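Biologist: Please take a close look at a single part of this model. Start from one residue, follow what it leads to, and end with the nucleic acid.

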2 protein chains.
Amino acid sequence: MVIELQIKMNEKLFLRNPEQSELGKKIIMHSIQLIHKSGFEAFTFRKLAEDIGTTEAGVYRYFENKHRLLIYIVAWYWTWLQYQVMYQTNNINDPIVKLKMIIKLLATTVEDDLSTSYVDEGLLHQIIITEGSKTYLTKRVSEDNKDKLFKPYKDLCAHIANIIKECNPNYCYPKSLASTIIEMAHFQNFFMNNLPSLTDFGQGKDDNSIIAFLDDLVFKTIAV
Amino acid sequence: MVIELQIKMNEKLFLRNPEQSELGKKIIMHSIQLIHKSGFEAFTFRKLAEDIGTTEAGVYRYFENKHRLLIYIVAWYWTWLQYQVMYQTNNINDPIVKLKMIIKLLATTVEDDLSTSYVDEGLLHQIIITEGSKTYLTKRVSEDNKDKLFKPYKDLCAHIANIIKECNPNYCYPKSLASTIIEMAHFQNFFMNNLPSLTDFGQGKDDNSIIAFLDDLVFKTIAV
DNA sequence: CCAATAATGATAGTATTACTATCTATAACA
DNA sequence: TGTTATAGATAGTAATACTATCATTATTGG
């Protein structure tokens, strides 16, 4: 049995739905590869088009500009991760165990999920670490937020906040702690690999150290 | 008595030292205003030159490109803040009180420091919140790090980590906690003002809520 | 099966960005 | 007074970020 995972994206993110054509899927697949390889600043629609074997105009039919495309793939990732979280924490009753599982999912190097044929989640995870916050750190953030472009991120954050609340109903800052967990899972990873003196994780470069740091931080903070 | 605070910057950050000429100081002053107003992406040397009343070539004599200029003003801010931290925590013996003071300095809206005539620290603080992490979230991070461009940030982080270590010598993650404090002081501020559902700080938009969140997080985490 | 429609390819063109180069004028300094 | 550093003025290039147009090829619905 082969199940293809379909993720329905906010229509404002694209001009033409990339999931519904071969060219569209190629755009997503090659964008992820190119952004991963050279970074978002060096990424252009011209290079992407060349890589795919289409023209610049072809890409512009799908996405208004490269920033929208970045928001698209980042939103895709958060939606996919939300699904992973739901799947992996289903049947777990203890909110503490749930929260631990979520921290692990957030901080662990992602492997390619074969049920999504044109997206390499491993590369995508790396992109989120380096480029994710650039989606909202702009002057357009309020407009983009009104268009609900950040909904998947906010939904995940709200979900984590609810579990924190379950762990300790008296804790005052569940949402801020949730966004801290998400951001730090990524920033500590980036620091570990690029600016290691900002972390306590040596050259081992092990996801487990980050998980241990976050577990310690979170469960001491919300301890009843 | 008027004391001008002079901050000595890493020479690799500029081509010609902007502190040593009128034009250089204008470049810094107007850069801060323009980036604050329109964001780093929309900021160009052409617009800056027009704003100042000089030419593009004039700006290029001081800075290689706009990314370097951003790193410069961000590094300037961290150096200035380090000084503020030293000044405000001088004579405090209790590391817990020290750490509280640092959290307050990090999370409080900054007012213009009149002892630096051509830098508006208030605007600069806003810039750091939105643009600060863009200095290192690039493919060039390792090279830039080798050139010591992030030294002021890393020094501040190390300083905070040492105080954490003083508070609790057994705590395992002082550096990661320090970088978490710094980043979250800014991200929670950005979220509060732009994506409030990611925080627990309502429309009051009060720095004190962020300080309370961070105090709670930090002191529960390092409690002996 | 044919006609209408949608998607793609091919090509061209514009304004802006991110620089580099050169030459002149001025100020500063020794 | 002559030399050097700094700034201003102007020009030019390659790349970026788009927009427009027209022909071609698939797709689909009658």
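**From one helix residue outward**

Modeller: A:Ile181 is found in helix H9 of chain A; note that this is a predicted model. A:Ile181 counts as buried because its relative accessibility is 3%, below the 20% that sets the limit for that class. Leaving aside neighbours within four places in sequence, its contacts are A:Ile103, A:Leu106, A:Ile160, A:Ile164, A:Leu214 and A:Val218. A separation in sequence can be set beside one in space here: A:Ile181 and A:Lys104 are 77 residues apart along the chain, and their C-alpha atoms are 11 Å apart.

Among those contacts, A:Ile103 and A:Leu106 lead to helix H5 of chain A, which runs over residues 95-107. H5(A) has 13 residues and reaches 18 Å from its first C-alpha to its last, close to the 18 Å expected at 1.5 Å a residue. At the N-terminal end, H5(A) is capped by A:Asp94, with a side-chain oxygen 2.9 Å from the backbone nitrogen of A:Ile96. The buried residues of H5(A) are A:Pro95, A:Lys98, A:Leu99, A:Ile102, A:Ile103, A:Leu105, A:Leu106 and A:Ala107. That list includes A:Ile103 and A:Leu106, both in contact with A:Ile181. Together, the buried residues of H5(A) pack against five helices of chain A: H4 (66-89), H6 (121-131), H8 (151-167), H9 (174-194) and H10 (207-221).

Residue 157 of chain A falls within the range of H8 (151-167). A:Cys157 counts as buried because its relative accessibility is 1%. A:Cys157 is in no disulfide, and the nearest cysteine sulfur, that of A:Cys167, is 15 Å away. A pair has to lie within 2.5 Å to qualify. The cysteine at position 157 of chain B can be described in similar terms. B:Cys157 is buried, with a relative accessible area of 1%. B:Cys157 is in no disulfide either, and its nearest cysteine sulfur, that of B:Cys167, is 15 Å away. Over all chains, the count of disulfides is zero.

The next step is to chain B, where helix H9 (residues 174-194) holds B:Glu183. B:Glu183 counts as buried because its relative accessibility is 5%. Not counting residues up to four places away in sequence, B:Glu183 touches A:Met184, A:Phe187 and A:Phe191 in chain A, and B:Tyr136 and B:Tyr153 in chain B. With one of these, B:Tyr136, the side chain of B:Glu183 makes a polar contact, side chain to side chain, at 2.9 Å. A second pair of positions gives a distance through chain B: B:Glu183 and B:Thr89 are 94 residues apart along the chain, and their C-alpha atoms are separated by 21 Å.

A:Phe187, touched by B:Glu183, is also in contact with B:Ser133. B:Ser133 lies in the loop between helix H6 (121-131) and helix H7 (141-146) of chain B. B:Ser133 counts as buried because its relative accessibility is 4%. Neighbours within four places in sequence aside, the contacts of B:Ser133 are A:Leu137, A:Phe187 and B:Phe187.

That leaves the nucleic acid, strand by strand. Around DNA strand C there are 17 residues, of which A:Arg16, A:Thr54, A:Arg61, A:Tyr62 and B:Tyr60 are the closest. The side chain of A:Arg16 has an N or O atom 3.0 Å from a phosphate oxygen of strand C. A polar side-chain atom of A:Thr54 is 2.8 Å from a phosphate oxygen of strand C. B:Tyr60 instead places a polar side-chain atom 3.1 Å from a sugar or linking oxygen of strand C. Helix H3 (residues 56-60) of chain B gives the largest share of the surface near strand C, three residues. By class, that surface has five nonpolar, five polar and seven charged residues. Of the strand C atoms within 4 Å of the protein, 42% belong to sugar or phosphate and the rest to bases.

DNA strand D is likewise surrounded by 17 residues, with A:Tyr60, A:Asn65, B:Thr54, B:Arg61 and B:Tyr62 coming nearest. Sugar and phosphate make up 45% of the strand D atoms that come within 4 Å of the protein. On the phosphate side, a side-chain N or O atom of B:Arg16 is 3.1 Å from a phosphate oxygen of strand D, and one of B:Ser21 is 3.4 Å from a phosphate oxygen. B:Arg61 meets a base: an N or O atom of its side chain is 2.7 Å from a base oxygen of strand D. Here helix H3 (residues 56-60) of chain A supplies the largest share of the nearby surface, three residues. The classes near strand D are five nonpolar, five polar and seven charged residues.

Methods. Residues numbered from 1 in each chain as written. Chains lettered and ligands numbered in written order. Predicted model: local features only at pLDDT ≥ 70, side-chain atom pairs only at ≥ 80, totals over all residues. Heavy atoms only, no water. Helix = DSSP H or I, 4+ residues; strand = E, 2+ residues; numbered from the N terminus. Expected span 1.5 Å × (residues − 1). Buried < 20%, exposed > 50% of the residue type's maximum accessible area, 1.4 Å probe, protein only. Contact = heavy atoms within 4.5 Å. Polar contact = N/O pair within 3.5 Å; in protein donor to acceptor, adjacent residues only side chain to side chain. Near = heavy atom within 4 Å. Nonpolar A, V, L, I, M, F, W, Y, C, P; charged D, E, K, R; others polar.
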